[in-house]
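Please take me through this structure stop by stop, telling me what to select in the viewer and what I should find there.

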Amino acid sequence: MITPPHISRRALLGAGAATVALGSPAILRAEPASVKLGILQPVTGALAQDGELGRHGAQLAIDEINAAGGLQALGGAKIEMVFGDARSNPEAATQEVERLQGEGVAAIVGGFASPICLAASQAAARYNLPYIVDVGVSDQIVKRGLTNTFRFAPGFGMVTSVALDNLVKLNDAAGKPAKTVVLVHEDGLFGSGLAKLMQTELPKRGFEILETIAHPTPARDMSNVALRIRSLNPDLVIPSSYYGEFVLLARTMLQQHIRPKGIYCVLNGAASNYRFVREFPEAAAAVMDCNHWADPRNPKAQALKKQVQDAGKLWAYNVPLNYSCVKLVADAISHAGGADRGKIVDALAASTFKDHIMPYGPTRFVNGQNQGAAPVNLQVQDGDIKVIFPTEFADAKPVFPRPA
Amino acid sequence: MTGRDLLPPALLIGLLALVPWATSSNTMLNFLVTVLIVALAAQGWNLLGGFGGQFSFGHAAFFGTGAYATALLQIRGGVNAWIACLIGIAAGGVVGWVIGVLAFRARLRGSYFALVTLAFAEVLRILTNAADFTGGAAGLLLRLDVRPMNFQFASRAVFYWIALVCVAVVLLLTVMIERGRFGAQLAAVRENEEAARALGVDALAVKLRAITLSAAITAAAGCLYTQYFLYLDANIAYGSWISIEALLAAIVGGIGTVAGPVIGALTLHGLGELTKGFAGDITGVDLVLFGLLLVAAIGFAPLGIVGSLRRLRVVRLSGGAR
């Protein structure tokens with residue numbers, strides 16, 4: 001028989017008294033009830049890497065707000081994160097929204113992938129629960145007339161039109177060295193959508209598309225794609241793929257000595273990822289991308305980047321985006337004066353939030369889409385990821401055509 | 001068919017029907033709706049795989065057809081949601097029949113049949129992912145318009161009951177098949193096709209009937225999915241996840257048993273959800289448990305939960321008689 005450890009009555013009384021003594025200052029201060037904030041990210045399944053980055057960004061913002069004394073407008077109320085794992089699929093995301101609703105969160109931030117955001121925001125709409133999309137680029141997200149859904153970042157249409165304009169600008173400034181293009185794209189939402197758009201838009205802007213090559217995700221071998229590019233010998237390769245596939249393509253192109261004048265990515269999973277730059281510096285050199293990114297000139301963004309990198313974590317766009325989205329909600333909750341959902345939705349709709357670290361204009365939501373949001377153009381230079389467009393946020397000049 | 005055959009499924013459905021009165025938690029109801037949709041897909045799989053012995057790896061082909069037909073008819077054709085669902089179920093049945101004709105006429109069996117069904121599902125996934133008509137990779141979004149006429153309900157309980165009615169109808173159908181002539185023919189084809197044919201069973205016709213019915217049931221799950229989540233893309237509708245869910249639930253619950261798929265889906269997802277609660281910060285532990293359960297089910301209880309319980313009872317009864 002196992003005897004339970006003996007606890008004397010005296011010891012128990014002592015412990016109880018100590019607990020009361022230690023606990024009472026908190027009671028005396030009468031700390032206001034904390035505000036629960038739902039963070040929904042896919043941290044298992046195919047999107048786990050992005051989900052973890054998003055969660056980290058949200059955590060950083062919450063920690064910072066709490067360390068600075070909580071929400072001042074609510075008498076220093078702390079923000080409490082209630083995390084939900086969306087598991088990389090819409091059903092699990094919906095299930096987590098229901099759970100978060102049950103736990104009484106004031107709003108939900110996150111989702112990452114478009115299908116997750118679509119399903120989760122719709123589930124939240126049943127309760128008029130404010131939902132802030134962190135990344136999900138599908139333009140359907142903000143075209144459903146859901147009053148609870150807000151997207152702080154730019155959508156697909158916005159990113160692609162900026163990407164096209166900047167490509168022309170880049171090429172013109174360099175004396176139009178690029179005339180021929182090969183499009184490589186994954187066959188999912190953004191890859192095929194982008195390819196379709198490029199096929200109609202690029203010829204109008206003086207580019208000739210030699211071929212459009214689709215590949216599935218995941219793809220384990222890119223040598224056929226690379227060989228095809230070599231035989232076509234384009235000036236420019238425009239790939240839109242997820243992390244693994246683009247890394248594979250860039251490496252294969254390097255091995256096969258395929259050196260186009262430029263690699264210009266749009267919303268690419270790897271081109272603006274420090275892991276890729278660190279692991280394959282040669283393959284990553286001079287690769288350009290049009291994507292979400294933090295404002296490199298913003299001191300707070302610089303400090304946060306340093307904090308993240310010093311902790312040995314990855315600095316990718318998910319981190320500043322989720323950080324900013326949490327700050328945005330915190331600001332709206334402060335303006336709403338509490339966790340009343342209707343008031344938070346109104347506060348978001350009227351938001352002019354400035355305390356973010358993204359290269360955006362003033363925040364203004366129209367039908368849930370932030371009109372101030374914009375992507376930037378990035379380029380891998382000297383083992384670092386630099387912003388090259390727009391000039392008011394840039395911290396480097398574009399290198400194009402790529403030096404031999 | 002006797003009252004005794006109907007008692008266990010009726011009890012199961014009766015218990016499940018009471019849930020909305022026992023809890024007002026939408027978390028629970030939403031969870032159960034997802035489980036019921038999976039259970040329905042698994043019931044479809046079980047009819048062909050369990051009773052007919054034709055293992056399909058591509059029930060996503062039927063699930064997706066039901067889902068896409070429901071969505072497309074509403075979005076492109078302006079058809080009423082309820083009618084769209086009925087047509088979706090029929091469309092699933094037709095796809096099942098076509099695949100059946102192609103595969104069974106070529107006398108494909110066992111792993112060959114499994115691979116062909118997998119290939120059909122994949123082809124459909126790639127086609128819907130590429131075609132503009134099906135919304136391409138961006139998928140299809142049904143407008144949120146909560147009205148009973150649109151098959152959308154403000155209360156999760158109503159949808160839950162509708163899904164439960166679907167499951168109950170299929171349970172009843174399965175009992176009827178199991179006890180009827182068709183069930184006997186299916187079992188004969190499953191155990192020994194040559195012997196069945198020698199006894200005068202038209203094996204091809206039996207298998208075609210089974211796959212059509214099976215496909216229609218799984219398509220019904222697809223229709224429910226569309227109406228519940230109001231969004232689908234090629235990977236959701238025709239992705240391998242639902243093929244796997246369907247056969248996993250049926251195998252764990254009890255392959256070739258009436259209530260097996262429902263019990264399997266409830267057990268697998270219930271345990272998953274429970275461990276998710278316990279696991280806390282360790283992400284993915286429930287998925288590990290999922291895998292362990294499957295290994296355990298195949299290793300120690302190849303008859304599944306229902307089959308093992310039944311065997312246990314037989315052993316006890318025979319022990320008592322001694």
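## The tail of chain A and onward

Begin with Pro401(A), which lies in the segment after β14 of chain A. The model is a predicted one, and in it the peptide bond joining Phe400(A) to Pro401(A) is cis, with omega at about -5°. Next select Phe389(A) and Pro390(A), where the connecting peptide bond is cis as well, with omega near -15°; Pro390(A) is likewise found in the segment after β14 of chain A.

From this segment, step back into the sheet that contains β14(A). Which strands make up this open sheet, and in what order? Select the 7 strands of chain A in the order β7-β6-β8-β9-β10-β13-β14, and their pairing proves to be mixed. Because β7 (208-215) and β14 (384-389) of chain A each have a single partner strand, they stand at the edges, and one side of each is left without a neighbour in the sheet. On average, with direction ignored, neighbouring strands of this sheet are turned by 25° against each other.

Now add α6 (189-204) of chain A to the selection. Helix α6(A) packs on the sheet and touches β6 (180-186), β7, β8 and β9 of chain A, while its direction makes about 160° with that of β6(A).

To follow the pairing across the sheet, select strand β8 (residues 236-240) of chain A, which pairs with β9(A) in the parallel sense over 2 bridges; here Val237(A) stands opposite Ile263(A) in β9(A). Strand β9 (residues 262-266) of chain A is in turn joined to β10(A) by 3 bridges, and these two strands run parallel, with Val266(A) standing opposite Cys290(A) in β10(A). On passing to strand β13 (residues 376-381) of chain A, the sense becomes antiparallel, and 4 bridges pair it with β10(A). Cys290(A) has Asn377(A) as its bridge partner in β13(A).

Stay with β10(A) and ask whether its residues are buried or exposed on each face. In a regular strand, side chains alternate between the two faces of the sheet. In strand β10 (residues 288-291) of chain A, Met288(A) and Cys290(A) lie on one side and Asp289(A) and Asn291(A) on the other, and all of them are buried, so that both faces are covered.

Just before this strand, select Ala286(A), placed in the loop between α10 (281-284) and β10 of chain A. Ala286(A) has a positive phi of about 70° although it is not a glycine, and it counts as partly exposed because 17 C-beta neighbours lie inside 10 Å. A second residue of this kind is Asn128(A), which is not a glycine either but has a positive phi of about 50°. Look for Asn128(A) in the loop between α4 and β4 (131-133) of chain A; with 13 C-beta neighbours inside 10 Å, it too counts as partly exposed.

## Domains and helices

Colour chain A by domain, with domain 1 as 35-153 + 297-373 and domain 2 as 157-291 + 377-389. The centres of the two domains, taken over C-alpha atoms, are separated by 29 Å. Domain 1 of chain A gives 9 residues to the contact and domain 2 of chain A gives 11; the side belonging to domain 1 divides into 6 nonpolar, 2 polar and 1 charged.

Then select helix α12 (residues 318-336) and helix α13 (residues 341-349) of chain A, whose axes come within 8 Å and cross at roughly 115°, in a right-handed crossing. Where they meet, Ala332(A), Ile333(A), His335(A) and Ala336(A) come from α12(A), and Lys343(A), Ile344(A), Ala347(A) and Leu348(A) from α13(A). By class, this contact has 6 nonpolar, 1 polar and 1 charged residues.

## Chain B and the interface

In chain B, select helix α4 (residues 81-105) and helix α9 (residues 203-229), which pack at an angle of about 145° with their axes 7 Å apart; the crossing is right-handed. Their contact has 17 nonpolar, 10 polar and 1 charged residues.

Finally, show both chains: 24 residues of chain A are in contact with 21 residues of chain B. On the side of chain A that touches chain B, α3 (90-102), α4 (114-125) and α6 (189-204) of chain A each supply at least two residues, and α3(A) gives the most, with 8 residues. This side of chain A has 7 nonpolar, 11 polar and 6 charged residues.

Conventions: Residues numbered from 1 in each chain as written. Chains lettered and ligands numbered in written order. Predicted model: local features only at pLDDT ≥ 70, side-chain atom pairs only at ≥ 80, totals over all residues. Contact = placed C-beta atoms within 7 Å. Nonpolar A, V, L, I, M, F, W, Y, C, P; charged D, E, K, R; others polar. Buried ≥ 20, exposed ≤ 12 C-beta atoms within 10 Å, placed from the backbone. Pairing = 2+ DSSP bridges. Domains from an automatic or database assignment. Axes fitted to C-alpha atoms, helices over the stretch in contact; angles between N-to-C directions. Left-handed = near helix turned anticlockwise from the far one by under 90°.
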